[in-house]
Amino acid sequence: MKITVITVCYNAAATIEDVVRSVASQDHPDVEHIVIDGGSKDGTLAILERDKASISRMVSEPDNGIYDAMNKGLALATGAVVGFLNADDWYAHPGVLSRVAAQFARPEV
């Protein structure tokens with residue numbers, strides 16, 4: 001089961017690397033990480049470029065706010081399950097997405 005994680009950001013240089021590493025460290029075998037950047041000017045793009053091997057899709061362009069950016073990410077998502085991870089958040093441990101997938105695989109879900 002593919003899980004898409006969408007991260008939207010703007011001027012998130014202080015935290016974006018932690019987000020990317022958090023998603024990349026997940027032990028679930030099929031994770032798509034989409035990053036939508038609103039045209040950051042603080043070094044966010046340099047960090048994302050450095051970590052691009054861990055990112056499935058990245059868009060950097062001006063947007064009309066966080067919800068516009070989220071909708072851009074949703075339009076690109078191909079996972080059976082889609083979630084958002086904000087630019088200053090991270091997963092508590094590497095098994096989070098595997099646990100999510102296990103719950104969605106239950107017949108009653």
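These notes cover the strands, helices and nonpolar cores of a predicted model.

1. Strand β1, which spans residues 3–9, is mostly covered, with seven of its seven residues buried. Ile-3, Val-5, Thr-7 and Cys-9 point one way from the strand, whereas Thr-4, Ile-6 and Val-8 point the other way, and all of these residues are buried. In a regular strand the side chains alternate between the two faces of the sheet.

2. Two strands pair with β1, and both pairings deserve a look in the structure above. Strand β2 (residues 31–37) runs parallel to β1 and is joined to it by seven bridges, and within β2 the bridge partner of Thr-7 is Val-35. The connection between β1 and β2 passes through helix α1 (residues 16–24), and this β-α-β crossover is right-handed. Strand β4 (residues 81–84) also pairs with β1 in the parallel sense, here over four bridges, and in β4 the bridge partner of Ile-6 is Phe-84.

3. Helix α1 has as its buried residues Ile-16, Val-19, Val-20, Ser-22 and Val-23. Because these residues cover an arc of only 160° around the axis, they are placed on the same side of α1. An α-helix has 3.6 residues a turn, so residues three or four places apart point the same way. The cover over the buried residues of α1 includes β1, β2 and α2.

4. The largest nonpolar core has 19 residues, of which Ile-3, Val-5, Cys-9, Ile-16, Leu-48, Leu-85 and Tyr-91 touch the most other members. Two or more residues each come from β1, α1, α2 (44–50) and α4 (96–104), and the element that gives the most to this core is α1, with four residues. A second, separate core of seven residues includes Ile-6, Val-8, Ile-36 and Val-59.

5. Tyr-91 merits a separate check of its surroundings: leaving aside its neighbours within four places in sequence, Tyr-91 is in contact with Val-5, Ser-22, Val-23, Gln-26, Leu-85, Val-96 and Leu-97. Among these partners, Val-5 belongs to the residues of β1 that point the same way as Ile-3, Thr-7 and Cys-9, while Ser-22 and Val-23 are among the buried residues of α1.

6. Leu-76 lies in helix α3, which comprises residues 66–76. Not counting residues up to four places away in sequence, Leu-76 touches Glu-32, Ile-34, Ile-36, Arg-57 and Val-59. Leu-76 and Glu-32 are 44 residues apart in sequence, yet their C-alpha atoms are 10 Å apart in space. Of the residues that Leu-76 touches, Ile-36 and Val-59 are included in the second core.

Note on methods. Residues are numbered from 1 along each chain as its sequence is written. This is a predicted model: local features need pLDDT of at least 70, side-chain atom pairs count only at pLDDT 80 or more; totals for chains, interfaces and linings use all residues. Side-chain values use heavy atoms; hydrogens and water are left out. Buried means under 20% relative accessible area, exposed over 50%, partly exposed in between (1.4 Å probe, protein chains only). Two strands pair if DSSP finds at least two bridges between them. A crossover is right-handed if, with the strands pointing away from the viewer, the path from the first strand over the helix to the second runs clockwise. Contact means heavy atoms within 4.5 Å. A nonpolar core is a set of buried Ala, Val, Leu, Ile, Met, Phe, Trp, Tyr and Cys residues joined through side-chain atoms within 4.5 Å. The arc is that of the directions from the helix axis to the C-beta atoms.
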